[in-house]
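Take a walk through this chain, one site at a time. Keep the structure open alongside the text.

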Amino acid sequence: MPTPKKADQGSFTRDVLGRYICNGLDEAMASTNSANSPNARLFDVIVVGGGSFGAVFAQHFFSQDSTHSHRVLVLEGGPFTIPEHVQNLPIFAGLNVPSATSIQDLRSQGQFGLDQPREEVWGLPWHSSTKFPGLAYCIGGRSLYFGGWCPQLLDEEMPADRWPQAVIDDLDSTYFADASTQIGTDQTNDFITGDLHTTLRQLLFDGIQNGSVPDAIPLAARPKPSVRPPKTRRHLDTT
Ligand SMILES: Cc1cc2nc3c(=O)[nH]c(=O)nc-3n(C[C@H](O)[C@H](O)[C@H](O)COP(=O)(O)OP(=O)(O)OC[C@H]3O[C@@H](n4cnc5c(N)ncnc54)[C@H](O)[C@@H]3O)c2cc1C
């Protein structure tokens, strides 16, 4: 089906952002055909999937290309849904994370198919004996559901015998910090420090002191942290 030239009209929304941010495959292919335009060129790089990593890779590749002479095509299977993650927006917008399931289970309930996404955009990409929620088929993918955590891998999660040293060095020196900045987790807020957090910490401290937290581990018995500052995980929220 050819991509409509104008934005589609839904019951509540006109799809202006989707229409002018995205192209249909027919339009992308037409842009490679010199019969259509003297500027037509083939794509140099094709990224499959426009979720967090596909999008970051495409943007990174484009920015690193000092000549800006390479064409990058991101092939995304889902629709433009929301422009970016906003804390708790997915839940208010009805974009919950579905429960774990399998293709087999959905089929047996007659609920499997491209036309039957769960929670608006979720689908299962592969068969597995381990049930799982699947993927959010939309531009941005599961990053639209981000809680705002920038998981910096710890040393024990990047053992030298399994990770090339150059990769570890690149991650440590550049990419983790870049990701924190881009996600916004390099700035604190009152989930982490501030009046709210201080009050909650005081409540917890008082509870431990008066014996209301029976499972609390005495400070001296606490396992020695294996992280080195500032290489600690920062978690602003759990969505
Ligand atoms: C509720 C929730 C909260 C989260 N909170 C955090 C957090 O705080 N911090 C954190 O680091 N991580 C968090 N995550 C995890 C994070 O969102 C994922 O790890 C990350 O988005 C995975 O990125 P990805 O690019 O590998 O996959 P995805 O983001 O899932 O992207 C895959 C993309 O590929 C597309 N696609 C799939 N198959 C095809 C195909 N055949 N053709 C074309 N396109 C295709 C999909 O539509 C999708 O856009 C959270 C996830 C959820 C669900």
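Start with Arg-19, a residue with several neighbours farther along or back in the chain. Arg-19 touches Thr-3, Pro-4, Lys-5, Lys-6, Ala-7 and Glu-27, leaving out residues up to four places away in sequence. Arg-19 belongs to helix H1, which covers residues 16-21. Remember that this is a predicted model. Mean pLDDT for the chain is 87, and 91% of the residues reach 70 or more. One stretch needs care: over residues 227-239 pLDDT stays under 50. For that stretch the model has 37 contacts beyond four places in sequence.

Is Arg-19 buried or exposed? Its relative accessible area is 11%, under the 20% limit, so Arg-19 counts as buried. What does its side chain reach? One partner is the backbone oxygen of Pro-4, at 2.6 Å. Another backbone oxygen, that of Cys-22, lies 3.2 Å from a polar atom of the Arg-19 side chain. The charged end of Arg-19 also sits over a ring, that of Tyr-20, 6.0 Å from the ring centre. A charge over a ring appears at Arg-71 as well. There the charged end sits over the ring of Phe-43, 4.2 Å from its centre.

Turn next to the aromatic rings. The count of aromatic pairs comes to three. One of them joins Trp-122 and Tyr-145. The pair is edge-to-face, with 5.2 Å centre to centre and 75° between the planes. Where do the two residues lie? Trp-122 is in strand S3 (residues 122-123), and Tyr-145 is in the loop between strand S4 (135-136) and strand S5 (149-150). The pair therefore ties together parts that are 23 residues apart in sequence. Trp-122 is buried, at 5% relative accessibility. Tyr-145 is buried too, at 11%.

Stay in the loop between S4 and S5, where Leu-144 is also found. Leu-144 is buried, with a relative accessible area of 4%. How far is its C-alpha from that of His-85? The separation is 4.3 Å, although the two residues are 59 apart along the chain.

Now go to Ser-102, in the loop between helix H4 (89-92) and helix H5 (103-108). With a relative accessible area of 7%, Ser-102 is buried. Its side chain reaches the backbone nitrogen of Asp-105 at 3.0 Å. Beyond its neighbours within four places in sequence, Ser-102 is in contact with Leu-124, Ser-128 and Lys-131.

Follow the chain past H5. The loop between H5 and S3 holds Glu-119, and Glu-120 has its place there too. What is the sign of phi at Glu-119? Phi is positive, near 45°, in a residue other than glycine. Glu-120 also has a positive phi, near 75°. How accessible are they? Glu-119 has a relative accessible area of 32%; this falls between the 20% and 50% limits, so Glu-119 is partly exposed. Glu-120 has 57%, which is over 50%, so Glu-120 is exposed.

Finish at helix H7, residues 195-209. H7 has 15 residues and reaches 21 Å from its first C-alpha to its last. That is close to the 21 Å expected at 1.5 Å a residue. After H7 comes Gly-211, with a positive phi near 80°.

Conventions
Residues are numbered from 1 along each chain as its sequence is written. Side-chain values use heavy atoms; hydrogens and water are left out. pLDDT is the predictor's confidence in each residue, from 0 to 100. Contact means heavy atoms within 4.5 Å. Helices (H or I, at least four residues) and strands (E, at least two) are DSSP runs, numbered from the N terminus. Buried means under 20% relative accessible area, exposed over 50%, partly exposed in between (1.4 Å probe, protein chains only). A polar contact is a pair of N or O atoms within 3.5 Å; within protein, one must be able to donate a hydrogen and the other to accept it, and residues adjacent in sequence count only if both atoms are side-chain atoms. Rings of Phe, Tyr and Trp (its six-membered ring) pair if their centres lie within 6.5 Å; planes under 30 degrees apart count as stacked, over 60 as edge-to-face and the rest as tilted. A charge sits over a ring if NZ of Lys or CZ of Arg is within 6 Å of the ring centre and within 35 degrees of the ring normal. The expected span of a helix is 1.5 Å times one less than its number of residues.
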